[in-house]
Amino acid sequence: MIPQLVNNQKNFFKTRQTLDVTYRRDLLKKLLEELISREHQITEALYKDFKKPEFESVLTETAIVIQDLKLTIKKLKLWAKPKRVFPSLLNFPSSDYLYSEPYGTVLVIAPWNYPYQLAIAPLVGAIAAGNTVVLKPSELTPNTSNLINEIVKKVFKPEHATVIQGGVEVSTNLLEQQWGYIFFTGSVNVGKIVAKAAAPNLTPVTLELGGKNPCIIDETANIKLTAKRIVWGKFVNAGQTCIAPDYILIEQSKKEAFYKAIQAEIDEAYSTTPQDSKDFARIINKKNFDRLSKMLVDENCIIGGQTDADNLYISPTLIDEPKLDSEVMKDEIFGPILPVISYENETDLERIILSYNKPLSLYVFSTNSAKAKQLMKRFSFGGGCINDTIIHFANHRLPFGGVGNSGIGAYHGQHTFDTFSHKKAVVKKGNWLDLPMRYAPYKGKVGVIRKILKWL
Ligand code: NAD
């Protein structure tokens, strides 16, 4: 069934219908109408899947997709137009262009943590760029994935865009096919499997992965505001956010004040019994609940530390000074657990941060602007913020993606369109002049060409 489906998509691509920008834009408009009219169904599905609060679903899933889709519809003609670039004098006379052409048939594989947004945003970009698309949403969020399937079925012909549901087996089968492009969002380990599957056909890939994101708080930080912004960025989606702060590195003199401020902010946001709060999501499944619970064993949970397996609940938790080789400091946490490690100087910061692979994000809280900028330059990471967490995600002008182990490639806004387009370089040579310099015989020309190249 899957090879047949991929063939149908390839054949549809060959009809060149998707190359018509008006055709793409009309379908995106239809998609927009459908997404707007179903917004409530989408937030309900997300709540059913893991009690995601409606506010968070609107802010981080539906609104962001609608904003992105509106921008794409508005700008598509401009983005898709061949762009004239400044020509090289070496080619004089010429006019030079960049053509955006679709890759063909695109495979999108999405994760469960923002199961709607991380499936629809790449779909929009791939369609906008003129590709056909097979989308595999996460098997761990069946309500949201079923709804995505319904929506895509309603808007697109199956040979243009289709949803295939399933877990590892289906994903593996899909990866065995030959694609024009693969866009994967998920864990580092599966990202490596995707890269391997893409290698035999040299299929280009975007890998949106994860990592251990440091959050540095120096001695000049405004502790109350820092705590407020960290509580939001860490505990939104119950910490199951790829760009959530993974661990805190705090200048030692600030630690006690920080704990007090964090406790106050947790109480303010989720009350003194977060389990009863409607604003705090649940862990996606038992497997992840067990993985996270194991991180709490033998640790000093200075705040929180309560778990309830029946309800897949883990309270907002801070761990004081875990060892660097402890369970919680080994890999990306991806849950509402925040280890706090104090540091004395920048050598400590470097020793700890550089002992991990390049993270997806990094945050610095400091009122010393020069120092904050210097730290931003010192470390390599996908994207980040000074004096806030995760909000870089919201600006479509900023490319969103990782570096090194946290990913390959980036998207959002026009970057998404560009990700799904091959940029074809075209030089249109003028015929009214044909300078003889480059043609053989070369005798006597070396000196002249050297001078010209020096001058250019
Ligand atoms: P995951 O890697 O387990 O699964 C992602 C997708 O890959 C799912 O659709 C799943 O069905 C499929 N899959 C799982 N195992 C596979 C295998 N062996 N072969 C082929 N396909 C397979 O990730 P997840 O648990 O859904 O999501 C959490 C991870 O995703 C975290 O590491 C997080 O940091 C990362 N993430 C990254 C971003 C980003 O934008 N960079 C966004 C969200 C999540």
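Helices here are DSSP runs of H or I with at least four residues, numbered from the N terminus. With that in hand, welcome to the tour; please note that this is a predicted model.

**Stop 1: a helix residue and a far partner**

Start by selecting Ala 264, which you will find in helix α10, residues 255-270. Is Ala 264 buried or partly exposed? Its relative accessibility is 42%, so Ala 264 counts as partly exposed. Now add Pro 93 to the selection and draw a distance between the two C-alpha atoms: 68 Å separates them, and the two positions lie 171 residues apart along the chain.

**Stop 2: the annotated span**

Next, select residues 7-426. An unreviewed UniProt entry lists this stretch as "domain: Aldehyde dehydrogenase". Colour the span by secondary structure, and you will be looking at 41% helix and 19% strand. The C-alpha atoms at the two ends of residues 7-426 are 30 Å apart.

**Stop 3: the ligand**

Show the ligand together with its surroundings. How many residues surround the ligand? There are 25, and the closest are Ala 110, Glu 139, Ser 187, Leu 209 and Glu 332.

Now turn to the polar atoms. Ser 187 places a polar side-chain atom 2.6 Å from a ligand oxygen atom. Lys 136 does likewise with a polar side-chain atom, at 3.0 Å from an oxygen atom of the ligand. For Glu 208, display the backbone: one of its polar backbone atoms is 3.4 Å from a nitrogen atom of the ligand. Taken on its own, the ligand has 840 Å² of accessible area, and the protein covers 89% of it.

Which elements give two or more residues to the shell around the ligand? They are α7 (168-175), β6 and α8 (188-198). Highlight α7 in particular, as this helix gives the most to the shell, with 3 residues.

**Stop 4: aromatic rings**

Stay with β6, but move to its Phe 183. The structure holds 15 aromatic pairs, and one of them joins Phe 183 to Tyr 411. The ring centres are 4.9 Å apart and the planes stand at 70 degrees; planes over 60 degrees apart count as edge-to-face, so this pair is edge-to-face. Phe 183 belongs to strand β6 (residues 181-185), while Tyr 411 sits in the loop between β17 (407-408) and α14 (414-419), so the pair ties together parts that are 228 residues apart in sequence.

Both partners are hidden from the surface probe: Phe 183 is buried at 0% relative accessible area, and Tyr 411 is buried at 1%. Widen the selection to Tyr 103, Tyr 181, Phe 183, Phe 393, Phe 400, Tyr 411 and Phe 420, and you have a cluster linked by ring pairs.

**Stop 5: a buried histidine**

Head over to His 160, in the loop between α6 (142-155) and β5 (161-163). His 160 has a relative accessible area of 1%, so this residue is buried. What is His 160 in contact with, leaving aside its neighbours within four places in sequence? Select Gln 9, Phe 12, Thr 18, Tyr 23, Leu 27, Ile 127, Asn 131, Thr 132 and Val 133 to see these contacts.

**Stop 6: an asparagine in α11**

Finish at Asn 288, in helix α11 (residues 286-296). The relative accessibility of Asn 288 is 14%; since buried means under 20%, Asn 288 counts as buried. Apart from its neighbours within four places in sequence, Asn 288 is in contact with Trp 112 and Ile 283.

How values were computed
Residues numbered from 1 in each chain as written. Predicted model: local features only at pLDDT ≥ 70, side-chain atom pairs only at ≥ 80, totals over all residues. Heavy atoms only, no water. Buried < 20%, exposed > 50% of the residue type's maximum accessible area, 1.4 Å probe, protein only. Contact = heavy atoms within 4.5 Å. Phe/Tyr/Trp six-rings, centres within 6.5 Å; stacked < 30°, edge-to-face > 60°. UniProt positions renumbered as here; feature names shortened; annotations may be inferred. Near = heavy atom within 4 Å. Polar contact = N/O pair within 3.5 Å; in protein donor to acceptor, adjacent residues only side chain to side chain. Areas by Shrake-Rupley, 256 points an atom, 1.4 Å probe, with all protein chains shown as cover.
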